[in-house]
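Here is a short briefing on a structure with its chain contact, its core and its domains as topics. Have the viewer open as you read.

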Protein chains: 2
Amino acid sequence: MRLSELSARGGVSVATVKYYLREGLLPPGTPVTARQSEYGEEHLRRLRLLRALLTVGGMTIQQVRDVLAVADDPAFGRHERVGVAAHMLGPQISPPDTSDPERPLWDEVFAEMRGLLTEMGWQVYDEAPALAALTRAVLTLRTLGYRGRTDDIRRYAEVMHPIAAEEYAVMEEYPALEEAIEAAVAYTVLYEPILLALRRLAHEDVSAHLHRLPPPPEPPLSSS
Amino acid sequence: MRLSELSARGGVSVATVKYYLREGLLPPGTPVTARQSEYGEEHLRRLRLLRALLTVGGMTIQQVRDVLAVADDPAFGRHERVGVAAHMLGPQISPPDTSDPERPLWDEVFAEMRGLLTEMGWQVYDEAPALAALTRAVLTLRTLGYRGRTDDIRRYAEVMHPIAAEEYAVMEEYPALEEAIEAAVAYTVLYEPILLALRRLAHEDVSAHLHRLPPPPEPPLSSS
């Protein structure tokens, strides 16, 4: 296909495709004339992956380079080649400085969360950004004086695991590695607002039922 | 209690307490001398609520006034008095303009999501901001060409509802209305990053198990 078709099928502008080519994020096509090149399905897959990483995942060009360096390296297994993109997604939360008075509390909460996951048999890296995000969120909750006991967190973890497993099965339906990475990033990010919106709607429904709101009236059969 | 104690127990600075008093968000205390007033537990509850709305909920002063106007009005039932705060939380997403070419698709997805919730027996207002947020998220997913069928959304809804019910039970443990509003806002917002972090960690675990990563080695018993 020509560049214009690649652009249309990839859902990004021609100028953007040219930018990716200049940056070396997209490999060059096969020249057919002095001014035109031919592109294949592998270019389309790469283009869709770039869109997912940059637009959906909000990554910087440098982060995309880092993701591709691992994804393109057959020395790594599929877990790392897909997972490196997931680890590059924000928010990237750092522990407080060792000199920060908050640091001992951070270390305590981190160890507690790490311990909980290990106890549940979850295999995650200590460096997983989501583990830092979890630590920060639990720390904030407790610092403000709200309830966030390990058992509360465990309950959420138990609910989220089966749904994550179902989601992961969808991601694994893509045999091509690039498509699997694209799916992992896209489904992780794009379903987050859906999950949060449904939780808030469920709260509203629970409150409505608890306070015995009458259901909306049926339209009258006659207007007499 | 004096203003300094109110500030300490409420977890906000003296300057902030004075600002809330000037803005009329916090009712004045009982004057004891020309320069000092006495504050009660009701001031502390209101102060903690203000902190939850402004700091945790990220609301503007005007939004807080709107929340308090409903919360303080006995003409409304508990569902509305607690719910108005939840409806004021971001993100506040508006439908595209009626002249926007995207609008017909928005209307279609909105009707579909509204229909799904009704079918599940969920009692939520058409104006619920989370319904607009859900519509936007599903629209984005589909526009980018990813899978977001009604049945996929239903599955998430079914998973989220029981956990939302458990959460709501915690919020209802607070008999005082102001505490219930505070809890609704605080637990809604502060648990969101926890939920998302656990989902990402669960993905990592599922991938690790699927690709048969060996578990981390046990430390050797002897170093011979």
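Chain A and chain B meet through 59 residues from each chain. The model is predicted. The points below take the chain contact, then the core, then the domains of chain A.

**Contact between the chains**
- On the side of chain B that touches chain A, four elements give two or more residues: helix 5 (78-88), helix 7 (129-143), helix 8 (150-171) and helix 9 (177-210) of chain B.
- Helix 9 of chain B supplies the largest share of that side, with 23 residues.
- By type, the residues of this side of chain B are 40 nonpolar, eleven polar and eight charged.

**Nonpolar core**
- The largest nonpolar core holds 119 residues.
- Leu134(A), Leu201(A), Leu134(B) and Leu201(B) have the most contacts inside this core.
- Domain 1 (3-76) and domain 2 (103-209) of chain A each give at least three residues to the core.
- Leu201(A) reaches across to chain B: among the residues it touches are Leu117(B), Trp122(B), Val124(B) and Ala128(B).
- Leu201(A) also touches Ala130(B), Leu131(B) and Leu134(B).

**Domains of chain A**
- Chain A is split into domain 1 (3-76) and domain 2 (103-209).
- Their C-alpha centres are 31 Å apart.
- Nine residues of domain 1 of chain A contact ten residues of domain 2 of chain A.
- Helix 3 (residues 41-56) of chain A gives seven residues to the domain 1 side, the largest share.
- That domain 1 side has five nonpolar residues, one polar and three charged.

Note on methods:
Residues numbered from 1 in each chain as written. Chains lettered and ligands numbered in written order. Predicted model: local features only at pLDDT ≥ 70, side-chain atom pairs only at ≥ 80, totals over all residues. Core = buried A, V, L, I, M, F, W, Y, C linked by C-beta atoms within 7 Å. Buried ≥ 20, exposed ≤ 12 C-beta atoms within 10 Å, placed from the backbone. Domains from an automatic or database assignment. Contact = placed C-beta atoms within 7 Å. Nonpolar A, V, L, I, M, F, W, Y, C, P; charged D, E, K, R; others polar. Lists of a residue's contacts leave out its neighbours within four places in sequence.
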